[in-house]
Amino acid sequence: MKAVSIETGEGSKAKRVHGVNRGISVFDLVLRIVALVGTLASAVAMGTADQALPFSTQIVNFEAQYDDIDSFKFFVVSNSIVCVYLALSITISIFHIIRSRAGKSRVMLIVLDAIMLVFLTSGASAAAAIVYLAHNGNTSTNWFSICQQYTDFCQRSAGSLIGSFGAMALMVILIILSSIALSRR
């Protein structure tokens, strides 16, 4: 049997596929860590977004906080949940580096990554809509732009979207990579 596999070259092909899957698994681990940092930074940036205007009085307080808007609360919660998921999925990613031929856990990661991608997309989209309204307003409904008064709050909330949308792109790449590694198995 060994002589036949050496002559046909099947042994070297299996090692090559094993090495490619290991490389994909290492890249998967790196992308998960970068996505974790992106979601964590987004949640922290939005969660600490707060600004009070200097002309507030004792009767009227002009202050903007992330928890005043439900879309921003959902954004922080969704980014936090995805961040925790990414932290937990790092252990499975390390398992895939060790055992690159694992199939069932890759399928599980594809499904869970897709669910987390949808959750992350919904939170980021809801927050992006509010950030757009804060920057531009809506003249037909008489909603005025608040970013001329609350510049720090608007910059911080808009900046937090960058990490979340970056993490969304990384999650799409993670799903594609897991699918490629599964098909090469």
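Let's start with a small detail: the side chain of Thr39 reaches the backbone oxygen of Leu36, at 3.0 Å. Keep in mind as you look around that this is a predicted model. Thr39 has its place in helix H2, and its relative accessibility is 0%; since buried means under 20%, Thr39 counts as buried.

What surrounds this threonine? Leaving aside residues up to four places away in sequence, Thr39 touches Asn79, Val82, Cys83, Leu86, Leu120 and Ala167. One of these neighbours, Leu86, is a good stepping stone to the next part of the tour.

Leu86 is among the residues with the most contacts inside the largest nonpolar core, together with Phe75 and Met171. That core has 36 residues. The elements that give two or more residues to it are helix H2 (10–47), helix H3 (70–98), helix H4 (104–136) and helix H5 (151–183). Of these, H5 gives the most, with 10 residues.

Phe75 deserves a look of its own. Again without residues up to four places away in sequence, Phe75 touches Ser42 and Met46, then Gly123, Ala124 and Ala127, and finally Ser160, Leu161 and Ser164.

Now step back to the chain as a whole. The protein chain has five helices and two strands, and along the sequence they follow the pattern α-α-β-β-α-α-α. Reading that pattern from the start, you meet two helices, then the two strands, then three further helices. Among contacts with a separation of 6 or more, 77% are accounted for by residues 24 or more positions apart.

It is helpful to set the model beside the record. An unreviewed UniProt entry lists residues 29–49, 74–98, 110–134 and 161–182 under "transmembrane region". Two of these spans can be followed directly in the model. Residues 74–98 are 100% helix and 0% strand, with end C-alpha atoms 36 Å apart. Residues 161–182 are likewise 100% helix and 0% strand, and here the end C-alpha atoms lie 32 Å apart.

Finally, turn to the outside. The accessible surface of the protein chain comes to about 10,600 Å², and 68% of that surface belongs to carbon and sulfur atoms. Of the 185 residues in the chain, 37% count as buried, and Thr39, where we began, counts as buried too.

Definitions and conventions. Residues numbered from 1 in each chain as written. Predicted model: local features only at pLDDT ≥ 70, side-chain atom pairs only at ≥ 80, totals over all residues. Heavy atoms only, no water. Core = buried A, V, L, I, M, F, W, Y, C linked by side-chain atoms within 4.5 Å. Buried < 20%, exposed > 50% of the residue type's maximum accessible area, 1.4 Å probe, protein only. Helix = DSSP H or I, 4+ residues; strand = E, 2+ residues; numbered from the N terminus. Contact = heavy atoms within 4.5 Å. Polar contact = N/O pair within 3.5 Å; in protein donor to acceptor, adjacent residues only side chain to side chain. UniProt positions renumbered as here; feature names shortened; annotations may be inferred. Areas by Shrake-Rupley, 256 points an atom, 1.4 Å probe, with all protein chains shown as cover.
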